[in-house]
Amino acid sequence: MSKRSSEHYVAPVDENEQIEVDAVRLGDRRSNLWLDAWRDLRRRPLFYVALTIVAVVALAAAWPTLFTQVAPNNDCALSLSNAGPEAGHPLGYTRQGCDVYSRVVWGARTSLSVGMLVVLITAVIGIPMGAIAGFFGGKVDSILSRIGDIFFSIPYFLAAIVVMSVLADHRNVLTISFAIGGFAWASLARIVRAEVLRIKNLEYVTASTAVGRSRFSTLVGHVLPNSLTPVIVTLTIGLGAAIVAEAALSFLGIGLNTSVMSWGNDISQAQVTIKTAPMALFWPSLFLTITVLAFIMLGELIRDALDPKARARR
Amino acid sequence: MLRYILRRLLQAVPVFLGTTFLIYFMVFAMPGNPIVALFGDKTPNPAQVAALEAQYNLDQPFFMQYLLYLKNVFTGDLGTTFSGRDVNTVLADTFPVTLKLVLMAVVLEFFFAVVIGLISGLREGKFFDNASVVLALIFNSLPVFVGMFLAQYFVGIKWGWAPVTVGRDTSWGAMFLPALVIALTIYVTGMRLMRGSVIESRSEDYVRTAYAKGLTSRRIIPVHIARNSLIPVVTNTAASFGALIAGTTITEGIFNIPGVGNTLYQAIIRGENSTVVSFVTVLTLLYVIVNILVDLLYAVLDPRIRYV
């Protein structure tokens with residue numbers, strides 16, 4: 001035994017070489033996926049544009065009084081119906097004679113609440129469904145994936161139409177978020193499943209099981225955190241899509257109650273007078289579009305930044 | 001191939017059962033009286049209530065109700081609309097219109113995706129490329145009803161180039177504007193696929209070889225680059241065809257196009273919930289069927305899929 005082990009070849013330690021390698025490494029900047037992505041994002045002007053829009057919308061949602069002193073529904077007078085802009089009311093009046101600017105500012109809260117709730121619901125259902133299906137495989141995967149297929153096969157906007165039509169007496173931010181998020185999670189689950197399938201056979205996952213971590217703890221501790229990249233992108237873009245879905249449902253008259261300040265409601269009410277008072281239709285549409293654009297742009301920029309191939313091409 | 005088709009059809013069975021069950025469940029397992037809910041804020045008329053109770057077999061236990069409802073759906077009995085018309089008759093009248101609109105939109109989408117994607121890919125990083133990528137992002141974020149209103153206001157009302165609404169005249173010309181707006185809001189994905197694969201194939205060996213042989217760009221671009229980049233765009237276009245069949249409700253509503261989506265739109269606006277449920281079921285089933293056909297089309301186009 002001892003004779004044999006003495007035959008093992010041991011490479012001579014050349015300390016200088018090691019030091020040189022270390023020196024080179026030390027001079028390099030630290031590098032990982034997120035750091036690289038962040039460096040890339042910081043160089044892109046569109047990233048700042050999107051971030052600023054999101055920040056302003058978030059501010060308006062949290063403290064609308066920062067932007068407008070006019071209470072959104074108080075001073076409505078039918079005599080002012082569709083009146084043009086004047087001092088203190090820069091965007092004119094709605095058909096009901098309410099201040100357009102104030103309603104648009106207060107509408108940000110509704111849109112953002114629905115967007116964030118939908119994202120939350122989508123994540124809470126979609127991530128576990130996809131992760132468990134992908135990681136444990138076999139029968140569990142078959143069952144969860146078939147359930148996902150069913151939800152995936154109903155276009156989520158149509159499903160939300162049914163739910164909101166039937167819930168005539170309970171149309172509020174919570175129910176509309178569940179109506180949208182309750183069906184939108186299926187595509188996220190598919191993405192998470194694919195990502196988990198890719199990661200679960202990598203060496204560090206095998207190593208984690210080898211050192212005695214339980215399967216579940218490996219999933220939560222190692223697999224999930226590494227599969228979050230596409231999730232973040234999907235959810236950011238999904239937030240924009242959820243805001244559109246809420247506006248579209250409100251536009252159809254089955255979204256939020258008409259008393260709620262919502263861009264969709266304002267668009268719905270102003271569409272009747274598109275010929276005579278197009279501006280009342282234009283402003284909520286513009287704010288809706290810009291907000292959605294900002295979220296989608298942010299998602300796409302993060303996706304690009306996280307993709308080394310796309311980065312190299314630029 | 002036959003095995004693939006059979007497997008794909010078998011996979012669709014649980015999806016069919018599941019989707020119809022979900023829709024049924026959403027309506028009939030909600031708290032309160034479902035018949036009252038189906039009437040929305042309208043006062044139920046006793047004859048209609050009796051008709052609905054008979055249609056949905058409310059005297060049976062929940063699961064039996066669903067099975068009987070399923071039997072009706074699969075034997076082609078989709079019930080009647082609020083005004084008493086047979087849903088099948090309404091479908092026969094409206095589906096061709098929707099199909100026409102969607103076909104036109106999809107053809108335009110394919111055209112934009114291929115042409116813009118090709119030019120963008122060939123001039124990667126130049127002005128046209130950057131401009132088209134930003135423009136695509138804006139079109140992509142434009143909520144479809146905002147796009148429709150912009151088109152309606154400028155093209156229809158202000159400049160008077162097209163009728164403001166479509167109405168009875170469902171000729172290709174009358175529906176061009178809504179189809180164009182749909183195409184503009186969805187061509188982005190296809191354009192990116194085209195652009196990406198054009199950029200990739202430009203650096204392929206066979207393209208370099210073609211240049212080395214002395215061929216000109218006029219031959220290499222259409223034959224060596226464009227043709228090889230088309231497959232993902234075709235696939236994407238087929239998928240958007242499926243999504244559009246079930247997704248023209250708002251478009252048809254705003255432009256008053258007498259298609260399937262508009263029937264649903266009118267029912268939603270009037271709160272005629274039983275009609276809403278029937279048409280959502282119909283559109284969902286159409287969506288599932290179109291997606292199966294699209295999958296089978298892939299299998300024909302791409303032999304690799306059959307062995308997966």
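How many helices and strands does chain B have? In this predicted model, the count comes to 13 helices and zero strands. Reading along the sequence of chain B therefore gives helix after helix, in the pattern α-α-α-α-α-α-α-α-α-α-α-α-α. Chain A tells a similar story, with 14 helices and zero strands; its pattern along the sequence runs α-α-α-α-α-α-α-α-α-α-α-α-α-α.

A few overall numbers help set the scene. Chain A has 314 residues, and buried ones make up 44% of them. Chain B has 308 residues, of which 37% count as buried. The C-alpha trace of chain B spans about 80 × 55 × 30 Å along its principal axes. As for how far along the sequence the contacts reach, take those between residues at least 6 apart: in chain A, 69% of them join residues at least 24 apart, and in chain B the figure is 72%.

Both chains come with a domain assignment. For chain A it gives domain 1 at residues 53-101 and domain 2 at residues 111-259, and the C-alpha centres of these two domains are separated by 35 Å. Chain B is divided into domain 1, residues 2-70, and domain 2, residues 87-301. Here the C-alpha centres lie 32 Å apart.

Next, the inside. Nonpolar side chains tend to be buried together in soluble globular proteins. In this model the largest nonpolar core has 155 residues, and those with the most contacts inside it are A:Ala160, A:Ile161, A:Val162, A:Ala248 and B:Phe145. Helix H5 of chain A, residues 100-136, gives the most to this core, putting in 17 residues. A:Ala248 is worth a look on screen. Setting aside residues up to four places away in sequence, A:Ala248 touches A:Phe157 and A:Gly264 in chain A, along with B:Pro143, B:Phe145 and B:Ile250 in chain B.

What does the meeting of the two chains involve? The contact takes 35 residues from chain A and 37 residues from chain B. On the chain A side, helices H6 (138-153), H7 (156-166), H11 (228-251) and H13 (278-306) each supply at least two residues. H13(A) gives the most to that side, with ten residues. By residue type, the side of chain A that touches chain B divides into 24 nonpolar, seven polar and four charged residues.

Helix H10 of chain A, residues 215-226, makes a handy worked example. With twelve residues at 1.5 Å a residue, H10(A) should span 16 Å, and its end C-alpha atoms are indeed 16 Å apart, so the two agree. Which residues of H10(A) are buried? They are A:Thr218, A:Leu219 and A:Val223. Looking down the axis of H10(A), these buried residues fall within an arc of 100 degrees, so they line one face of the helix. Such patterns fit the general geometry: an α-helix has 3.6 residues a turn, so residues three or four places apart point the same way. The face of H10(A) turned away from the buried side carries the exposed residues A:Ser217 and A:Pro225. As for partners, the buried residues of H10(A) pack against H5, H8 (173-199) and H9 (203-210) of chain A.

One of those partners, helix H8 of chain A, holds A:Gly181. Why does A:Gly181 count as buried? The reason is that 26 C-beta neighbours sit inside 10 Å of A:Gly181, where 20 or more are enough for that label. Beyond its neighbours within four places in sequence, A:Gly181 is in contact with A:Leu117, A:Val118, A:Ile121 and A:Thr122. A:Gly181 and A:Arg43, by contrast, are 138 residues apart in sequence and 34 Å apart in space, C-alpha to C-alpha.

For the opposite case, turn to B:Arg3, which is found in helix H1 of chain B, residues 2-28. B:Arg3 has 8 other C-beta atoms within 10 Å and is therefore exposed, the cut-off for that label being 12 or fewer. C-alpha to C-alpha, B:Arg3 and B:Ala179 are 38 Å apart in space, with their positions 176 residues apart in sequence.

Technical notes: Residues are numbered from 1 along each chain as its sequence is written. Chains are lettered from A and ligands numbered from 1 in the order in which they are written. This is a predicted model: local features need pLDDT of at least 70, side-chain atom pairs count only at pLDDT 80 or more; totals for chains, interfaces and linings use all residues. A nonpolar core is a set of buried Ala, Val, Leu, Ile, Met, Phe, Trp, Tyr and Cys residues joined through C-beta atoms within 7 Å. Helices (H or I, at least four residues) and strands (E, at least two) are DSSP runs, numbered from the N terminus. Two residues are in contact if their C-beta atoms, placed from the backbone, lie within 7 Å. Domain bounds come from an automatic or database domain assignment. The expected span of a helix is 1.5 Å times one less than its number of residues. The arc is that of the directions from the helix axis to the C-beta atoms. Ala, Val, Leu, Ile, Met, Phe, Trp, Tyr, Cys and Pro count as nonpolar, Asp, Glu, Lys and Arg as charged, and the others, Gly among them, as polar.
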